[in-house]
Amino acid sequence: MSRRGLFAVGGAAALTLALAACGSGGSTPSAAGQSAAAASGSAGAWSFTDDRKETATAAGVPARVVAFIGTAAALADYGLQDKLVGVFGETKRADGSPEPQAGDLDVDKVTILGNVWGEFNIEKYAALRPDLLVTHLYDPGALWYVPDESKDKIVKLAPTVAVSAARVPMTETIERYAALAETLGADLKSPEIAQAKARFEAAAESVRKAVAENPGIRVMAASGSPDVLYVSNPKVNTDLMYFAELGVEVVQPDKPGDGGYYENLSWENAGKYDADLILLDNRPTALQPKDLEAKPAWPKLPAVKAGQVAAWDPVPRFSYAGAAPILENLATAIRNAKKLG
């Protein structure tokens, strides 16, 4: 089952019971250069070639942007809050407070087209008069959180841009979103963005240092559901790929399923891989530690016994401001972990 397919199953089940899916991380100068070159305009025209190799065009720079909530948060980090008119994906909690992936985006200033997987109000979308729709690209041809059954209608209403969030390191995705933001009017040389980038680079160095000072810590990124523990693959998931580039020893599942995102382990086999530290999916669609206590296998895992479980967001916010805290938290977790075997 693909990452998208599993999330669709999990999203439906989450209406009655929280269910989970796993997610997805250095960049290359050529990728950054291609990003800048792909985004070009002349005589007021605007265009951007996305990671489907499709070019979105408009007569002018898009002023009304609709995006997946994590994407919107990243664009807001680049100073584009005022251009964001609509979002889709988990945006608000039941109490009205914003979900963590909303970042610093003011969710009260945007129209929420859907707050769960599979929900996208086309009528509201059309009424927003969108100039552009932006989301992640995980599987070929699939727009993240845009329902397959209504995709054809949605893409006719405005140009779309999809940025790869799998099989490339997290920094490459960050740079691609930065390049897109620049074409939309972001000032990448602003003090705020420069400060965020400096924090990100310092955080990356702190991970390298933590690994050097506490070598041999095996890290497993996982997500829990009622029937399955999903172990994520660092060769596909962008953040884990970047963690590995920084020297983190990330558990590599030997039998990842379709798409390669993760291996499905029954709870009877949850202890298949040795791990000193578990990064646990912290999204509302995933079972959290208090929920997992009812699973007999969970408390028996060495990392759980040792209290070495850290929160993990498998769909990170792809901006320097959004990713820096992720690296800082990872460095702290590695620094404080003890070798268990």
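Colleague: In what sense, and over how many bridges, do β3 and β4 pair?

Modeller: β3 and β4 pair in the parallel sense, over 4 bridges. Two strands are said to pair if DSSP finds at least two bridges between them, so the 4 bridges here satisfy the definition. One bridge joins Ala-67 to Val-87 in β4. This is a predicted model, in which local features need pLDDT of at least 70 and side-chain atom pairs count only at pLDDT 80 or more, while totals for chains, interfaces and linings use all residues. Residues are numbered from 1 along each chain as its sequence is written, and side-chain values use heavy atoms, with hydrogens and water left out.

Colleague: What joins β4 to β5?

Modeller: β4 and strand β5 (residues 111-114) run parallel and are joined by 3 bridges, so they too meet the requirement of at least two. Val-87 stands opposite Ile-112 in β5.

Colleague: Which elements make the β-α-β unit, and what is its hand?

Modeller: The unit consists of β3, α3 and β4, and is right-handed. That term applies if, with the strands pointing away from the viewer, the path from the first strand over the helix to the second runs clockwise. Strands (E, at least two residues) and helices (H or I, at least four) are DSSP runs, numbered from the N terminus. The protein has 11 helices and 13 strands.

Colleague: Why is helix α3 called mostly covered?

Modeller: In α3 (residues 69-77), 9 of the 9 residues are buried, and buried means under 20% relative accessible area with a 1.4 Å probe, protein chains only. The helix is therefore called mostly covered. Its cover includes β3 (65-68), β4 (84-88), β6 (132-137), α6 (170-183), α7 (191-213) and α11 (320-336). After α3 comes Gly-79, whose phi is positive, near 90 degrees. β4 is likewise mostly covered, with 5 of its 5 residues buried. Of the 341 residues of the protein, 55% count as buried.

Colleague: Why is Glu-54 given its exposure class?

Modeller: Glu-54 has a relative accessible area of 41%. Exposed would require over 50%, and partly exposed covers the range between that and the buried limit, so Glu-54 is partly exposed. Glu-54 lies in the loop between β1 (46-49) and β2 (55-58).

Colleague: Which residues does Glu-54 contact, leaving aside its neighbours within four places in sequence?

Modeller: Glu-54 is in contact with Phe-48 and Thr-49, where contact means heavy atoms within 4.5 Å. The C-alpha atoms of Glu-54 and Val-161 are separated by 8.0 Å, although the two residues are 107 residues apart along the chain.
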